[in-house]
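Subject: Handover of a structure and the findings from it

Dear colleague,

Please find below the structure that I am handing over to you. My findings follow directly after it, arranged by region, and I would ask you to read them with the structure open beside you.

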Amino acid sequence: MKAAPVARLDPDAPSLDALSPDGPSPDALSQDAASPSALTKAASPAQRVAIEAISPSVDNGRFAVKRTIGESLIVEADIFADGHEQLSAAVEWRLGADKWNRVAMAPVVNDRWRANLPLKSQGIVQFRVEAQIDSYGGFVRDTARKLEAGLALNVEAQEGRALLAQAQAQASGAAKSALSALLTKFDAVTGEAQIALLLADAAKEAVYAVGAGKFVAHSDVQEVRVERQAASFASWYELFPRSQSATPGRHGSLRDVIAQLPRIQAMGFDVLYMPPIHPIGTANRKGANNALTVRPGDPGSPYAIGSPAGGHDALHPELGSLEDFRALVAAARDHGMELALDFAVQMSPDHPWLKQHPEWFTRRPDGTIKYAENPPKKYEDIVNPDFYADDALWNGLRDIFLHWIDQGVRIFRVDNPHTKPLPFWQWLIADIQAKQPDTIFLAEAFTRPKPMYRLAKIGFTQSYTYFTWRNTKQELTDYLTELNAAPVRDFFRPHFFVNTPDINPPFLQTGGRPAFLIRAALAATLSGLWGIYSGFEICEAAPLPGREEYQDSEKYQLRQRNYAAPGNIVREIAQLNALRAVEPALHSHLGVSFYNAFNDNILYYGKAAPGHDERLLIAVNLDPHHAQACDFEIPLWEWGLPDTAALQVEDLLHGYHFTWSGKLQTMRLEPAAPYAIWRVRPARKVAS
């Protein structure tokens, strides 16, 4: 068996495990104290300045932090040294292999330092913290105190001149000229004029331009993956192309999908996601409702990929040609959308690879290939490859992505990635994004929290979440609090799908139209990423008895729909997406605060975008069957206002304007209109 491929590493880059923020650890020094080099290590100038607790950081820099273009990276670190020496610090950063740049850090409180690094370009940004003893800054601080105390400063004047001369000797170019000019001026004056020159900003800036510090320490190099906006803010709509025919019973095509684009655009969606569009096998094909008995005309599951017509790089013949696919990509773009394709690493027994590459599949003792299982579920129509049978499989799967990228696709939803080797995904995503940096990967990973988070760490841009099963006030509050806390907030982008072809949640099955409104409002306002599976807008909810699955599931049959059916929530979905487009606070799951609403059936929260004085307040009645009312607190404290102050309010759903006076207010939410969204800001004082 060949060795599995590994991700490419920079041969010149030091191992992160080998780096230490401030040299050898105390434990390492104590264990090696008898070594002749122990004293040399301990006496290293870099040992004197400590750099600790850098944030943001994912597993101490082992994995990249995630951000999008236009955001800022707020870097913080604990920085200190022995004694009372003054320190200076900076964040050094570079994009790719560019030269290092510097952004000064400022002390915040209790030896905590901070810098703001704007992220303006897509790609991998490396950063590290540099800290040093600031000899000139310390001199200025101490000399200013002595001057204020009226002490004689003759010796201090000579000390200051020596520091200028030391910096001048290390400088070059404009910095050297500036320091030479300062020395000339210093020598031309006496007494107080010399001290004034040494304490002036011009002298400090000239010295700092040289970067001539002492006891300089550097942290580990860490990374930030800066991605395009769609990585963190997008509204997804999922449909099966084969169900889009205007003629009941006729298999839909990609051209039929083009006809649906105006309807989807009108609801405000900007990503159109399609389950697998590849040839479907006939071996062990599933019938309606996952039946093992197939009737004539049953189309089978699109996840049973592969037939004599081709594999993952081919189109199901009834959907159309590659020319039709390119036409769909172009038409979606014209409607302000882009396509997302499903990538499922599984094959029908009819997939060409089983004949072309039999070594990629493991056979049982009787010579058969074991079909896929997730006991007690069985998937008789698909088989899985052996990822460690031959490393050519990895390249073959990677090339499928590259094929669809060549056709204009930049977003992929990956089916069950947690059931495939994690090293494979880490290698594949890094390899593809090195070639096409704007590629987005959504992990459909309904699994345990730690594997789900690990997928995000190793490269997946977004992930499905537990939102689907979080219904109560406490469940939602706890989950959003977890997603907003470090380190999860720095690597995990939650995608709040309200339903999927596989998941028909009990809340929707039993809650009627109000339940659909509730879940749409929660998903659209709590996360920058949300999505619906078609049928949600007309409140489809008929389940298989006792199951979280749809009756007459579209996974196994065609399902033409009347999207204008009575009771639909198309208008409400369009309104939510329109608000998302113009309200920066709704572009992320971050920045949410939960406030007091004195009723356990009402979830009440606020969101604010960085740098904005206004705030959105959102209330959702979580009970789809009954009206709920309560007293609630408006967060006057967010603006430092007293409990008797007032807020100006705009009802964003109805356009009303009014004022709330005093901290305690009252609301009532009916099942037919179960949520409210207000934009609030401090009331302006009227001049007398």
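Strand β11 (residues 234-238) and strand β20 run parallel and are joined by five bridges. Please keep in mind throughout that this is a predicted model.

**Strand β20 and its partners**

Within the pairing of β11 with β20, tryptophan 236 has glycine 531 of β20 as its bridge partner. A further strand, β19 (residues 494-497), also runs parallel to β20, and three bridges join these two. Here phenylalanine 497 is bridged to glycine 531 in β20. On the way from β19 to β20 the chain passes through α15, and this β-α-β crossover is right-handed.

Is β20 enclosed by the rest of the structure, or is it open? Strand β20 covers residues 529-533, and five of its five residues are buried, so the strand is largely enclosed by the rest of the structure. The burial applies to both faces: Leu529, Gly531 and Tyr533 lie on one side, Trp530 and Ile532 lie on the other, and all of them are buried.

**The six-stranded sheet**

An open sheet is formed by six strands in the order β21-β22-β23-β28-β25-β26, with antiparallel pairing. Its edge strands are β21 (592-594) and β26 (657-661), each of which pairs on one side only. From one strand to the next, the twist averages 30°.

Inside this sheet, strand β22 (residues 602-607) and strand β23 (residues 615-621) run antiparallel and are joined by six bridges. As an example, glycine 606 has leucine 617 in β23 as its bridge partner. Helix α14 (residues 473-484) packs on the sheet, where it touches β21 and β22, and its direction makes about 145° with that of β21. Helix α15, which was met above in the crossover to β20, spans residues 506-526 and lies across β21, β22, β23 and β28 (675-682). The helix runs at about 25° to β22.

**The four-stranded sheet**

Another open sheet has four strands, in the order β1-β3-β7-β6, and its pairing is antiparallel. Why is one side of β1 and of β6 left without a neighbour in the sheet? Both β1 (49-55) and β6 (106-109) stand at the edges and have a single partner strand each, so one side of each has no neighbour there. The twist in this sheet averages 35° from one strand to the next.

The partner of β6 is strand β7 (residues 112-118); the two run antiparallel and are joined by three bridges. One pair to look for is alanine 106 with its bridge partner in β7, arginine 114.

**Helices α5 and α7**

Helix α5 (residues 173-188) packs with helix α7 (residues 201-210) at an angle of about 145°, and their axes are 9 Å apart. The crossing of α5 past α7 is left-handed. Which residues meet in this contact? From α5 there are Ala175, Leu179 and Leu182, and from α7 there are Ala202, Ala203, Ala206, Val207, Ala209 and Val210. By character, the residues of this contact divide into nine nonpolar, no polar and no charged.

**Two residues of helix α4**

Glutamate 156 is placed in helix α4 (residues 154-170). Its relative accessibility is 11%, and buried means under 20%, so glutamate 156 counts as buried. Not counting residues up to four places away in sequence, glutamate 156 touches Phe139, Thr143, Lys146 and Leu198.

Arginine 161 also has its place in helix α4. With 25% relative accessibility, arginine 161 counts as partly exposed. Leaving aside its neighbours within four places in sequence, arginine 161 is in contact with Leu183, Phe186, Asp187 and Leu198. Arginine 161 and glycine 567 are 406 residues apart in sequence, and their C-alpha atoms are 82 Å apart in space.

**The chain as a whole**

The chain contains 16 helices and 28 strands. Its C-alpha atoms fill a box of roughly 105 × 80 × 45 Å along the principal axes. Of its 688 residues, 51% count as buried. Among contacts between residues at least 6 apart in sequence, 75% join residues at least 24 apart.

Yours sincerely,
A colleague

How values were computed:
Residues are numbered from 1 along each chain as its sequence is written. This is a predicted model: local features need pLDDT of at least 70, side-chain atom pairs count only at pLDDT 80 or more; totals for chains, interfaces and linings use all residues. Side-chain values use heavy atoms; hydrogens and water are left out. Two strands pair if DSSP finds at least two bridges between them. Axes are lines fitted to C-alpha atoms, for helices over the stretch in contact, and angles run from 0 to 180 degrees between N-to-C directions. A crossing is left-handed if the near helix is turned anticlockwise from the far one by less than a right angle, and right-handed if clockwise. Contact means heavy atoms within 4.5 Å. Ala, Val, Leu, Ile, Met, Phe, Trp, Tyr, Cys and Pro count as nonpolar, Asp, Glu, Lys and Arg as charged, and the others, Gly among them, as polar. Buried means under 20% relative accessible area, exposed over 50%, partly exposed in between (1.4 Å probe, protein chains only). A crossover is right-handed if, with the strands pointing away from the viewer, the path from the first strand over the helix to the second runs clockwise.
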